[in-house]
Amino acid sequence: MTGARGAVCGDGALLSGTSVVAWRIGIQTGNLLITGPPNVCGIAGGIEICITFPTEYVKTQLQLDEKANPPRYRGIKDCVKQTVTSHGVKGLYRGLSSLLYGSIPKSAVRFGVFEFLSNQMRDEAGRLDSGRGFLCGLGAGVMEAVLVVCPMETIKVKFIHDQTSANPKYRGFFHGVREIIRTQGIRGTYQGLTATILKQGSNQAIRFFVMTSLRNWYKGDNPNRTLNPLVTGTFGAIAGAASVFGNTPLDVIKTRMQGLEAHKYKSTADCAAKILRHEGPAAFYKGTIPRLGRVCLDVAIVFIIYEEVVKVLNKAWKTK
């Protein structure tokens with residue numbers, strides 16, 4: 001296989017212009033055989049999740065906390081304090097297993113779909129502009145939402161919400177999944193699908209757009225210019241931050257649609273309308289700070305790890 005290829009990973013990493021045998025996913029034949037490097041993304045993402053999950057837990061609890069009820073938490077510190085007091089430090093890791101199990105398939109789908117789409121949209125020089133990167137990211141985000149993220153996030157939110165119940169009913173990941181399916185059917189693991197598609201689609205569209213723009217700016221007229229880990233991490237953090245500020249309202253709606261009280265909402269639009277009516281516009285940005293911390297670190301870590309792995313793969317599998 002010849003020519004320059006870009007690739008993506010984690011929460012939107014756009015890799016440099018070497019092909020590494022189409023990153024071992026069979027793009028040269030048009031097949032989406034997702035193996036090899038995508039799994040590295042998933043492993044890297046899994047490590048990051050274990051480190052930063054308490055911020056994801058706090059973000060989710062704050063987004064579930066309704067002003068009209070009245071609020072259970074007075075802020076980030078109060079959420080952490082109440083959780084640790086009631087459940088110990090391990091309480092901050094409630095719901096971790098669903099994200100951990102989903103990290104590899106999520107990254108594999110995202111990486112494979114973006115690579116497939118981007119290879120159809122590159123210009124004659126093998127370059128992907130930021131506009132097309134936006135569209136490819138949108139496609140990758142929608143696909144991962146449908147195949148992996150919606151059930152993964154639904155289970156996570158239910159587990160976290162369940163911990164605040166007077167009588168928590170989920171004793172662990174597998175018991176919780178069995179109970180959800182037994183009482184609600186498969187649909188119980190696919191709550192908030194529309195909101196998840198909107199959130200993940202916009203997530204990846206924004207991140208790929210920003211990352212592509214920054215990489216093209218940095219490389220200038222030299223497409224072979226390499227990025228050192230510091231630059232890669234910085235670009236990744238910027239791309240992650242852009243997505244947080246750009247679509248946190250969708251993340252709040254998604255969380256509400258996947259919680260234990262989702263029955264209160266007739267649809268995604270109804271959920272948005274009720275949040276606006278009862279809690280005001282500021283409610284759409286609940287959990288922004290903890291989400292910002294986790295996403296920026298997530299994207300930066302995965303970008304850096306993946307870029308370094310790709311350098312090793314380039315040496316091992318040189319292509320003409």
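Helix 6 covers residues 173-184, 12 in number, and spans 16 Å from its first C-alpha to its last, close to the 16 Å expected at 1.5 Å a residue. The expected span is 1.5 Å times one less than the number of residues. Helices are DSSP runs (H or I, at least four residues), numbered from the N terminus. The model is predicted: local features need pLDDT of at least 70, side-chain atom pairs count only at pLDDT 80 or more, and totals for chains, interfaces and linings use all residues. Residues are numbered from 1 along each chain as its sequence is written, and side-chain values use heavy atoms, without hydrogens and water.

The buried residues of helix 6 are Phe173, His175, Gly176, Val177 and Ile180. Buried means under 20% relative accessible area, exposed over 50%, partly exposed in between (1.4 Å probe, protein chains only). These buried residues pack against two helices, 4 and 5. Gly185 follows helix 6, with a positive phi near 75°.

| Helix | Residues |
|---|---|
| Helix 4 | 96-121 |
| Helix 5 | 130-163 |
| Helix 6 | 173-184 |
| Helix 8 | 229-258 |

Gly246 is found in helix 8. Gly246 counts as partly exposed because its relative accessibility is 47%. Lys199 lies 47 residues from Gly246 along the chain, and their C-alpha atoms are separated by 9.8 Å.

Technical notes. Contact = heavy atoms within 4.5 Å.
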